[in-house]
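Q: Could you take a close look at one part of this structure for me, namely the long buried helix and the core it belongs to, and then show how the rest is arranged around that theme? I am in my first year, so please go slowly.

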Amino acid sequence: MKETNINETALLTGTDQRNSAKERWSVEVRSAAVRPMSGRTSMRWRLAVGVLSLIVLAGIGAWIYQLKHGLGSAGYNDQAFWAVYIVDVIAFIGVSYGGAVISAILRLTGQSWRAPLTRLAEGTALVTVVIGALFIFPHLGRPERFWEILVYVNTSSPLFWDFVAIGTYVMATMIFFYLPLIPDLAIVNRILGQEDKPMRYRIFKALSLRWMGNERQRRLLHGVMSLVALIIVPLAVSVHSVLSWAFATTSRPGWSETVLPPYFVIAALYSGTALVIVVASAFRKGYNLQRFITKRHIVRLGYFMAALGLVYAYLTLADMMTDGYTGITTGWISQTVTGRYAIAFWFYVLVGEVLPLVVVAVKRFRNIPGLTIASLGVVIALWVKRIVIVLPPVTQPLIGNQWGSYHFTWVSLTITLAGVAAIPLGLMLLFRVVPVMSIDEMEEMGELGSAEQVSEHTLVASELLSVGAPNGNGHSNGHGNGNGHGNGNGHGNGNGHGNGNGHGNAARVSEGEVQ
Amino acid sequence: MRKLSRNKQASVEPNLITQDSCASSLDGQNCQVTSAALAKEPVDEGEKEFSRRRFLSMFGAAAGAAAVIGSGIELLSYRAYAQGLPKTNNWSGDGGMTGSGAADMASTEAPPTHQWAMVIDLGMCNGCQSCPAACQKAHYLTPDQTWMKVFTLTDNDGQTYSLPRPCMQCENPPCLHVCPVHATFRQDQGVVLVNQDRCIGCRMCMAACPYEARYFNWNSNVSYPPLPVASTPEFPVPQKLGTVGKCTFCVGNLNHGLLSECAAGCPMGAIYNGDLKTDVAVNSLGSTVKLSKFLYDNNAVTYKPEQNTHPRVWYILGHGQDLAANAASAS
């Protein structure tokens, strides 16, 4: 998509030149990951960024209008005092959770096929958590007094803990994005040199912390990364639990439910996984990553998403069953299932639950376009579901039986759309400054993620190489990637680093040696 | 239809019996009677109360330990704090002030001479909507800002009746506990007020209030005439855009010997302004009653006592009226 001025030999700087397949792989990875960062951007890219920026600017304009005219201009009223912006906060921070946890879980379980996805997942997490946190500002009636939360601290307020949890999570997401980036920053500096953008060179040089890729550094980085990956999972659980307690600690039927924290956590994971699929397939196409992100990646994420979807459906049932059966506080349920929010609720059921399950179950649909559409549906349906979680309890009467109502206005819709547009915009700008794939991990993992292509094109070469690899630890990767080709293709990955796989995954290495 | 006996009152109204300061409360007789009622129904309320107390004291101990460990952070002590309330904060006693500034005020200020309360006689209310009109006129509120709101509910005979609902001025106000910036506070006369210069407009208090008694300033198109004084928490006029407003009990009026706007505006004399300290209540018809006796004789109840909010607004129920039944009628 972009004119490239990277020369092939520059790409190879610092790699082990003994291995030609390794070399080829490295060149491919590096050029694909670095191409979007260098040279002139394409017309299409600039057009997309321009349009998205306009939408974001329109959102900011709408927010300024709202500041001037009050939250009433966004459709709020006293019987719908929490509505679209709190939904946006939950939904955006929610999708961020998916990106972070997918990356963290795949890291912790040593899933080597993750390599081409981690940067996209972590980038999505970073961009969406920032957008989600920013949605707190249109939510507030007096955003300019936000600092008071830090000064007039009230530790018994759920919102104080929301602030603490979200703040911690934003920081953790940044660290989680930055750590795997360290080797890449050094690699990018080596490839692109000082001339391209001197400023970037200097910043990257400082941020890469003199990364050489030696064994000690590698061990250290992997240790820290495992630790952060380990921390970010419970941290994200806590964020969504604390978010849910802002609702669950009130005395409103429909909010005051014990199931709410896990309900929020699973919704976040579910929609987040869906967004990762959407982002992965969009960048696969837009940034020409077809070679690296394959159908198998998307299908695996699709399975993960479908499993989460079932858990979420179960929790939805659990949430409604107790209140609905006892009949004590059924108002919000009848409004949800058959009343004012019925269209939204059944939209969630069809598009957010049935459609993804059908797509994953039926082989004909279980492909990249099918799963992308289903995932997009899930992301939208889960946003709608949050509306259904927030609005019926907030509009229900606590005295008497006059239900309130919330109506979207151009202000609230524009600001929400701006948030939506900010996701691709943020990602496109982000991957203009950092590599779109984790080069270091891709090189370390080798061609694990693309077994189909391997079987067609490079099987022979890789088999030869695994036999003839100089340092002898070209371990098999047939294990773990579950491809149906049965090719135990140990294609010599990672031996460029001298010690093979820096993860020190002994079990995998020994299995490879047995094979 | 359920006729409220004294025993029933005890079960409906734990507020009256769970106060620590029994002697200084309504009167000694009421205290004894309700205690006797408790003894008769140990499984009904006593058991519940006991286990709740035990749970809360355990919770309080845990919170205390957490506070020591966290060097003063009152971690999750909200309910334990609530349990401790009657000692320092009983509605007939001295210094009911909680929230920001409570500690430094209590020691230097003289104890307040009034603890404001309200009694609403539902048997007298004919639903004429005079009270919200008077309130809105005095506070320059928009038509949907019904700080005093008259709800139409159904009684046990299927007949409708009217329920005027001011802010309950809870002694244990959920809105106060959830405010992230201490914008809501409870002044020393027991009135819960909002500092609109501090409120960040998060509306957590609106979510927490079980009585829907809080109203937000949603729109900027509200016009005010020139006013002689600046907006204060006691008289928040003009109100500030993007902040929460609520019934102030017209505490300025009360302190100047005037009735609140709603009480003064009630043609039926259904609304009494009362003072727990001097044990007097007055309505717009000039009827002056001994507050404790008036509440006791009429089996007065508070609204949603199960929420543990300890309101300072009491209702006298008319024939066949049952607030507990209406609490869960939202469908």
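A: What follows starts with one helix and its core, then turns to helix packing in the same chain, and ends with some loops of the other chain.

The model is a predicted one, and the part to begin with is helix H12 of chain A, which runs over residues 260-286. H12(A) is made of 27 residues, and the distance from its first C-alpha to its last is 38 Å, close to the 39 Å expected at 1.5 Å a residue. Of those 27 residues, 23 are buried, so H12(A) is largely enclosed by the rest of the structure. Just past the end of H12(A), A:Asn288 has a positive phi of about 55 degrees.

What does H12(A) belong to? The largest nonpolar core has 170 residues, and H12(A) gives the most to this core, with 16 residues. The residues with the most contacts inside this core are A:Trp82, A:Tyr169 and A:Phe283. Looking at A:Tyr169 in particular, and leaving out residues up to four places away in sequence, one finds that A:Tyr169 touches A:Ile93, A:Ser96, A:Tyr97, A:Ala100, A:Val129, A:Ile232, A:Leu235, A:Ala236 and A:Val239. Apart from the largest core lies another core, of 41 residues, and among its members are B:Cys125, B:Trp147, B:Ala263 and B:Val313.

It helps to set this helix against its whole chain. Chain A has 21 helices and zero strands, and 61% of its 515 residues are buried. When contacts in chain A between residues at least 6 apart in sequence are considered, 81% of them join residues at least 24 apart.

Two pairs of helices in chain A show how such elements meet. In the first pair, helix H4 (residues 84-108) and helix H17 (residues 410-433) pack at an angle of about 15 degrees, with their axes 10 Å apart. Angles under 35 degrees count as roughly parallel, and H4(A) and H17(A) are therefore roughly parallel to each other. The crossing in which H4(A) passes H17(A) is right-handed. On the H4(A) side the meeting residues are A:Val84, A:Tyr85, A:Asp88 and A:Phe92, while on the H17(A) side they include A:Val411, A:Ile415, A:Gly419 and A:Ile423.

In the second pair, helix H13 (residues 295-326) and helix H15 (residues 342-361) of chain A pack at an angle of about 145 degrees, and their axes are 9 Å apart. Here H13(A) passes H15(A) in a left-handed crossing. The residues that meet include A:Gly302, A:Ala306, A:Gly309 and A:Ala313 from H13(A), together with A:Phe345, A:Tyr348, A:Pro356 and A:Val360 from H15(A).

Chain B, with 13 helices and 11 strands, can be read beside chain A. Of the 331 residues in chain B, 54% are buried, and residues 24 or more positions apart account for 62% of the chain B contacts with a separation of 6 or more.

Several loops of chain B deserve a careful reading. B:His114 is found in the loop between helix H6 (102-108) and strand E1 (116-121), and with 24% relative accessibility it counts as partly exposed. Although B:His114 and B:Gln189 are 75 residues apart in sequence, their C-alpha atoms are 5.8 Å apart in space. B:Gln189 is also among the residues that B:His114 touches, and others are B:Asp188, B:Asn255, B:Asp275 and B:Lys277.

The loop between strand E6 (214-216) and strand E7 (244-246) of chain B holds B:Glu234, which is partly exposed, with a relative accessible area of 33%. Beyond its neighbours within four places in sequence, B:Glu234 is in contact with B:Gln187, B:Leu193, B:Thr248 and B:Val251. B:Pro238 lies in the loop between E6 and E7 too, and a cis peptide bond with omega of about -5 degrees joins B:Val237 and B:Pro238.

Most residues other than glycine have a negative phi, and most peptide bonds are trans. Against that background, B:Gln169 has a positive phi of about 50 degrees although it is not a glycine. B:Gln169 sits in the loop between strand E3 (160-165) and helix H8 (174-178) of chain B, and at 0% relative accessibility it counts as buried. B:Asn308, another residue other than glycine, has a positive phi near 60 degrees, and its place is in the loop between helix H12 (291-297) and strand E11 (313-316) of chain B.

Key:
Residues numbered from 1 in each chain as written. Chains lettered and ligands numbered in written order. Predicted model: local features only at pLDDT ≥ 70, side-chain atom pairs only at ≥ 80, totals over all residues. Heavy atoms only, no water. Core = buried A, V, L, I, M, F, W, Y, C linked by side-chain atoms within 4.5 Å. Buried < 20%, exposed > 50% of the residue type's maximum accessible area, 1.4 Å probe, protein only. Helix = DSSP H or I, 4+ residues; strand = E, 2+ residues; numbered from the N terminus. Contact = heavy atoms within 4.5 Å. Expected span 1.5 Å × (residues − 1). Axes fitted to C-alpha atoms, helices over the stretch in contact; angles between N-to-C directions. Parallel < 35°, antiparallel > 145°, perpendicular 65-115°, else oblique. Left-handed = near helix turned anticlockwise from the far one by under 90°.
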